[in-house]
Amino acid sequence: MVALAADDEASAFTAETTVPGMTVTRRVSVDVSRPTQVSWPVIPGAARLTALLEAWADDAEAAFLARTAPGGSQPPELTVSGSVIRAVGSVVVVRMSAVVEDAAVAGSGTTRVSRVFYADLDRNEACSGASLFAEAARTQTEQAVNLAAAASGVTVPEAGGPGTSILDNADLVPTGDVVVALDVQTSSPQRRVVSVTLPALQVRPALSDLGRRIEAIIASGRPYAGPLPDRGPAATPAAAGGPEAAAMTPAALVSPAATAAPSSSVAAMAHPVDCAVLKCVALTYDDGPGPETGRLLDILSASQVKATFFVLGRSVTAYPEVVRREAELGMAIGNHTWNHRDMRRLAVEASLQELGTTRDLVERTSGAKVTLMRPPYGAFDARTRTLGWPVVLWDVDSEDWRNRSATVTTQRVLSTVRPGSIVLMHDIHGSSVDATPGIIAALKSRGFVLVTVPELLGQTSSGALYFSRTNIR
Ligand code: NI
């Protein structure tokens, strides 16, 4: 007996978790003629898993670049991302997905490919879903999935090339059932993910030795144990948590209910700045938090400067402590959506969900209020103004993502900045962090006061576009 269920892409926002010491590697191309966002989780003690995830992400990006042409009125767009969907005992399960938006593709223009990866940290093993099944049982199991789908009128898409299997998408759940997500192309703009469930009774006899070990660990429901302490260089110091950290469930890490809201810092309370009188400028950093953000916060706090961070919800799940620190230091935190999708291509409900999930997570994590948004790529249309958010853009573009040079970034900022400016930079690039001390020193020497965007703008209205303090449309 096989069960079928359909879901929409909202499911992408659920069932995400994180594990102690987890980081996310991101590569973002801000080339609006063919934007790509590629990321994957990096889990301490799981070097083999990381290598598999990176290779899969690289392949997806290479295939996208080979199959699409840049430009056009609706440029193709790729989003590759991964989420931890399960962390039990020594086992971590990650679902990677690659979503391509391309108007040249028939139907909705959306294609989605995903794959589920498993790692057993105690044995230093990693594999994708098909390896959970014994070679001899694989074909029969694939047929069971195909038949179930066909019986419900669903055409199963081709697996992703030679050597891959529809079972690469198998999610082995704690009951021993296997859920296979099928990426189904429909003519409606809302793409559907249809799931086929194989019951445990059918799954168990088909499992490989590796599959049986992983099934037993997932069924145990034990707390996530983290990497072995003597794993060597693969384990990062952050992950070498004692028994206390090991006993922490992943859910406890993403639910910051126990975290008190930070007390507002004295500096933030001190003197309200009147930007109608003073030469104010707001430095803004997009696309974080990331591995460089902590270093940037050290620089800003050493110079007693408050900046504004437009964060991605997806990255906040990986760096909750960094967002907490941003709030504690009195930085302003704005909303840069969950997935960094071009909002002109999203339905209004999807945009609202991108913004709502991000706002809720930042507020729960840091206690900071999130009242401003910046659309990814600065790309907006009339609908973006109806979402209930003030839209913060910029009048000084450092182009740091393109030049990746602290010198060029600094020159661009200093040659175009004016009183009331909003400066765009990205805290995911080390060169932008490197440029920051020099930019701050030069601005201060020219008599600028560095403020947050809320301080610069004062009262804001939803739907208004803010390019600078005085350029408002
Ligand atoms: Ni961005």
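# Close-up views of a predicted model

**Figure 1. Salt bridges across the chain.** Let's start with the charged pairs: the count comes to 21 salt bridges in this predicted model. One of the places to look is a network in which Glu-77, Glu-101, Arg-341 and Arg-345 are linked by salt bridges. The next three views zoom in on individual pairs.

**Figure 2. Asp-171 meets Arg-86 in a salt bridge.** The side chains of these two come together at 2.9 Å, N to O. Asp-171 sits in strand S8 (residues 170-172) and Arg-86 in strand S4 (residues 77-88), so the pair ties together parts of the chain that are 85 residues apart in sequence. Are the two partners buried or exposed? Asp-171 is buried, and Arg-86 is too.

**Figure 3. Glu-215 pairs with Arg-204.** Here the N to O distance of the salt bridge is 3.2 Å. Glu-215 belongs to helix H4 (residues 209-220), while Arg-204 is in the loop between helix H3 (200-203) and H4. The two residues are eleven apart, and the pair links distant parts of the chain. Their surroundings are worth checking one by one. Glu-215 has a relative accessible area of 11%, so it counts as buried, the cut-off being under 20%. Arg-204 comes out at 40% relative accessibility and so counts as partly exposed.

**Figure 4. Asp-209 and Arg-212 form a salt bridge within helix H4.** Stay with helix H4 for this one. The side chains of Asp-209 and Arg-212 meet at 2.6 Å, N to O. Both residues lie in helix H4, three residues apart, which is about one turn of the helix. How accessible is Asp-209? Its relative accessible area is 53%, so Asp-209 is exposed, the cut-off being over 50%. Arg-212, with a relative accessible area of 42%, is partly exposed.

**Figure 5. Three side chains coordinate the nickel ion.** Which residues hold the metal? The nickel ion is coordinated by Asp-287 through OD, and by His-336 and His-340 through NE2, at 2.1 Å. Along the chain, the donors of the nickel ion follow the spacing D-x48-H-x3-H. Asp-287 and His-340 link distant parts of the chain, 53 residues apart: Asp-287 is in strand S11 (residues 280-288), and His-340 is in the loop between strand S13 (332-335) and helix H11 (348-366). Asp-287 has 1% relative accessibility, so it counts as buried. His-340 counts as buried as well, at 2% relative accessibility.

**Figure 6. Backbone details around Asp-287, Pro-289 and Arg-404.** Now ignore the side chains and follow the backbone. Asp-287, found in strand S11, has a phi near 75°, a positive value in a residue other than glycine. A little further on, a cis peptide bond joins Gly-288 and Pro-289, with omega about -5°. Pro-289 is found in the loop between S11 and helix H8 (293-302). Arg-404 also has a positive phi, about 50°, although it is not a glycine. Look for Arg-404 in the loop between helix H12 (400-403) and helix H13 (406-416). Arg-404 has a relative accessible area of 47%, so it is partly exposed.

**Figure 7. Cys-275 and Cys-280 form a disulfide.** How many disulfides are there? The count comes to one disulfide. The sulfur atoms of Cys-275 and Cys-280 are 2.2 Å apart. The link between them is left-handed, with -85° about the S-S bond. Both of these cysteines are buried. As for Cys-127, a relative accessible area of 7% puts it in the buried class too.

**Figure 8. Nonpolar cores of the model.** The largest nonpolar core has 88 residues. Which of its members touch the most other members? They are Ile-43, Val-80, Met-96, Leu-283, Phe-309 and Leu-443. This core draws at least three residues from each of domain 1 (2-234 + 242-248) and domain 2 (264-466). For a closer look, take Val-80: leaving out residues up to four places away in sequence, Val-80 touches several residues, among them Gln-37, Val-38, Trp-56, Ala-60 and Met-96. There is also a second, separate core of 32 residues, including Phe-133, Ala-148, Leu-172 and Val-196.

Methods: Residues are numbered from 1 along each chain as its sequence is written. This is a predicted model: local features need pLDDT of at least 70, side-chain atom pairs count only at pLDDT 80 or more; totals for chains, interfaces and linings use all residues. Side-chain values use heavy atoms; hydrogens and water are left out. A nonpolar core is a set of buried Ala, Val, Leu, Ile, Met, Phe, Trp, Tyr and Cys residues joined through side-chain atoms within 4.5 Å. Buried means under 20% relative accessible area, exposed over 50%, partly exposed in between (1.4 Å probe, protein chains only). Domain bounds come from an automatic or database domain assignment. Contact means heavy atoms within 4.5 Å. A disulfide is a pair of cysteine sulfur atoms within 2.5 Å. A salt bridge is a side-chain nitrogen of Lys or Arg within 4 Å of a carboxyl oxygen of Asp or Glu. Helices (H or I, at least four residues) and strands (E, at least two) are DSSP runs, numbered from the N terminus. Donors are N, O and S atoms within 2.8 Å of the metal (3.2 Å for Na, K and Ca); water is not among the atoms, so sites may look incomplete.
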